[in-house]
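Reader: I am a first-year student, and I should be grateful for a close look at the inside of this protein. Could one part be taken as the starting point, with its surroundings described from there?

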Amino acid sequence: FQVTAAITIVGGLNRSGTPYDVSASGEALFEVAPGVGSFTLRDMAIRGLATDDGDGIGGGAIRARDTDVRIEDSEINGTAQNGDGGAIHVTGGSLTVVDSRIDGQAGGAGNGGSIFADGTAVRIEGSTLGGRAGGGVQVFGDGGGICITGDDASLVVRGSAVDGARGSAGGGVFADGVDAFVANSVFHGNEARANDGAEAERQPDLDGEREGPMGARSPRPARR
């Protein structure tokens, strides 16, 4: 679906009682035009697949640029054959995920198994992220759960879990030069091939419950 104006979509399952599934089409389920303003999904269950079109942009379920994206009470699963952001790819704007589950795989050397955000203010509340960055036997991409980078980017995680995610650097979270804060959240079972389970080259043993800033130079150890 091409989204060209601000919209809130309240859904659920389709008529057959299963998630909306466009994985056979090879296109993102929602392609949000730049600068739309706001795009909100509420009470949705969707699956999507973005095939390799050579632009490096994944987002099997959602692609958006310079838009405020909000996801509430939803379950989203997406795969990008060769691009960043298995389920969601956002550039600029903001991304808020509340009471939802996001899973995905960024294939090839893609970063951000579930979410890739570039220059985006990201807030995750009461939600669970899984995911895998990279494809094949080896995992090449960074940030199995989420990869966030770029100027003006920020990350807040509250009351959430990053569980069973895999990446090269940052199995759960890869935050590249980004101000990040975590409160009352759990990182569990994440695997980073190159470094640690949560944040590349920042937190050597982050597994369990964590609260506090994820600073690049002075991370706070996990509480066990």
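Author: The account below begins with the whole chain, then turns to one loop residue and what lies around that residue. This is a predicted model, in which local features need pLDDT of at least 70 and side-chain atom pairs count only at pLDDT 80 or more, while totals for chains, interfaces and linings use all residues. Residues are numbered from 1 along each chain as its sequence is written, and side-chain values use heavy atoms, with hydrogens and water left out.

The chain has 24 strands and zero helices; both are DSSP runs numbered from the N terminus, a strand (E) having at least two residues and a helix (H or I) at least four. Of its 224 residues, 54% are buried, where buried means under 20% relative accessible area, exposed over 50%, and partly exposed in between, with a 1.4 Å probe and protein chains only. A contact requires heavy atoms within 4.5 Å. Among contacts between residues at least 6 apart in sequence, 75% join residues at least 24 apart.

The part chosen is T120, which lies in the loop between strand 13 (115-118) and strand 14 (121-125). With a relative accessible area of 0%, T120 is buried. Setting aside neighbours within four places in sequence, T120 has contacts with V90, T91, G92, G93, S94, L95, I148, D152, A153 and S154. One of these, G93, is 27 residues away from T120 in sequence, yet the C-alpha atoms are 5.4 Å apart in space.

Another of these partners, T91, belongs to strand 10 (residues 88-91). T91 is buried as well, at a relative accessible area of 16%. Beyond four places in sequence, T91 touches A64, R65, D66, D118 and T120.

Strands 10 and 13 both belong to an open sheet of seven strands, in the order 1-4-7-10-13-17-21 with parallel pairing; two strands pair if DSSP finds at least two bridges between them. Strand 1 (2-3) and strand 21 (173-175) each have a single partner strand, so one side of each is left without a neighbour in the sheet. Strand 21 runs parallel to strand 17 (residues 146-149), with three bridges between them. I148, a contact of T120, stands opposite A175 in strand 21.

L95, also in contact with T120, leads to the largest nonpolar core. Such a core is a set of buried Ala, Val, Leu, Ile, Met, Phe, Trp, Tyr and Cys residues joined through side-chain atoms within 4.5 Å. This one has 39 residues, and those with the most contacts inside it are F30, I62, I76, I88 and L95. Its largest share, three residues, comes from strand 22 (residues 179-188). In soluble globular proteins, nonpolar side chains tend to be buried together.

F30 is itself buried, at 5% relative accessibility, and F39 is buried at 0%. The whole structure contains one aromatic pair. Its rings, those of F30 and F39, have centres 5.3 Å apart and planes at 55°, so the pair is tilted. Rings of Phe, Tyr and Trp (its six-membered ring) pair if their centres lie within 6.5 Å; planes under 30 degrees apart are stacked, over 60 edge-to-face, and the rest tilted.
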